[in-house]
Amino acid sequence: KSKFNDDLSDHNKPSFCHVGPAIRTQEGRKKMPGFDCRECSAYYNMKMQEGLTIQQIHSVINKCSRHRAHHKPSKTPEKFWDADIIEGDPDSPRNKTHQGPPLKSRAMRREAWRKLNFGN
């Protein structure tokens, strides 16, 4: 999580990321807030060590950032987009499986619905 854009959260915006219409004009893109990527955050960390405050870094990001959107995209794991497929690498994000809730049969769903509606 980037520490540079955490202070800029607006409570009126939705709490989820979504893709809106494309902004194609230069003036429209300048109005959008800028954000940093992994490579840019290393640069901004260096600027902080040089003595810039967080507010100054926010103004630099909004002034010259090439990354602009209404919502910052979510981060993917480190090696997720690498084209090299390494078989048997346990640390690869491709080998991680997310377990969902167990599937319920129709009879189990119907029984849960009856308990909810009729209290039996």
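## Salt bridges and aromatic pairs

Glu-50 and Lys-47 both belong to helix 2, which spans residues 38-50, and they sit 3 residues apart, about one turn of the helix. In this predicted model, the two residues form a salt bridge whose closest N and O atoms are 3.3 Å apart. The partners differ in their accessibility class: Glu-50 has a relative accessibility of 54% and therefore counts as exposed, the cut-off being over 50%, whereas Lys-47, at 22%, counts as partly exposed.

The structure holds 2 salt bridges, and the other one involves Lys-115 and Glu-111, with 3.5 Å between the closest N and O atoms. Lys-115 and Glu-111 both lie in helix 4, which covers residues 106-118, and they are 4 residues apart, again about one turn of the helix. Lys-115 is partly exposed, with a relative accessible area of 47%, and Glu-111 is likewise partly exposed, with a relative accessible area of 44%.

Turning from charged to aromatic side chains, a search of the whole structure finds 2 aromatic pairs. The rings of Tyr-43 and Tyr-44 have centres 5.4 Å apart and planes at 65°, so this pair is classed as edge-to-face, the cut-off being over 60 degrees. Within this pair, Tyr-43 counts as partly exposed at 40% relative accessibility, while Tyr-44, at 5%, counts as buried because its value is under 20%.

The rings of Trp-113 and Phe-118 make up the other pair, and with their centres 5.9 Å apart and their planes at 90° they too are edge-to-face. Here Trp-113 is partly exposed, with a relative accessible area of 48%, whereas Phe-118, with a relative accessible area of 57%, is exposed because that value is over 50%.

The residues of the two kinds of contact are listed below with their accessibility.

| Residue | Relative accessible area | Class |
|---|---|---|
| Glu-50 | 54% | exposed |
| Lys-47 | 22% | partly exposed |
| Lys-115 | 47% | partly exposed |
| Glu-111 | 44% | partly exposed |
| Tyr-43 | 40% | partly exposed |
| Tyr-44 | 5% | buried |
| Trp-113 | 48% | partly exposed |
| Phe-118 | 57% | exposed |

Taken together, each salt bridge joins residues of one helix, helix 2 for Glu-50 and Lys-47 and helix 4 for Lys-115 and Glu-111, while the edge-to-face arrangement is found both for Tyr-43 with Tyr-44 and for Trp-113 with Phe-118.

How values were computed: Residues are numbered from 1 along each chain as its sequence is written. This is a predicted model: local features need pLDDT of at least 70, side-chain atom pairs count only at pLDDT 80 or more; totals for chains, interfaces and linings use all residues. Side-chain values use heavy atoms; hydrogens and water are left out. A salt bridge is a side-chain nitrogen of Lys or Arg within 4 Å of a carboxyl oxygen of Asp or Glu. Helices (H or I, at least four residues) and strands (E, at least two) are DSSP runs, numbered from the N terminus. Buried means under 20% relative accessible area, exposed over 50%, partly exposed in between (1.4 Å probe, protein chains only). Rings of Phe, Tyr and Trp (its six-membered ring) pair if their centres lie within 6.5 Å; planes under 30 degrees apart count as stacked, over 60 as edge-to-face and the rest as tilted.
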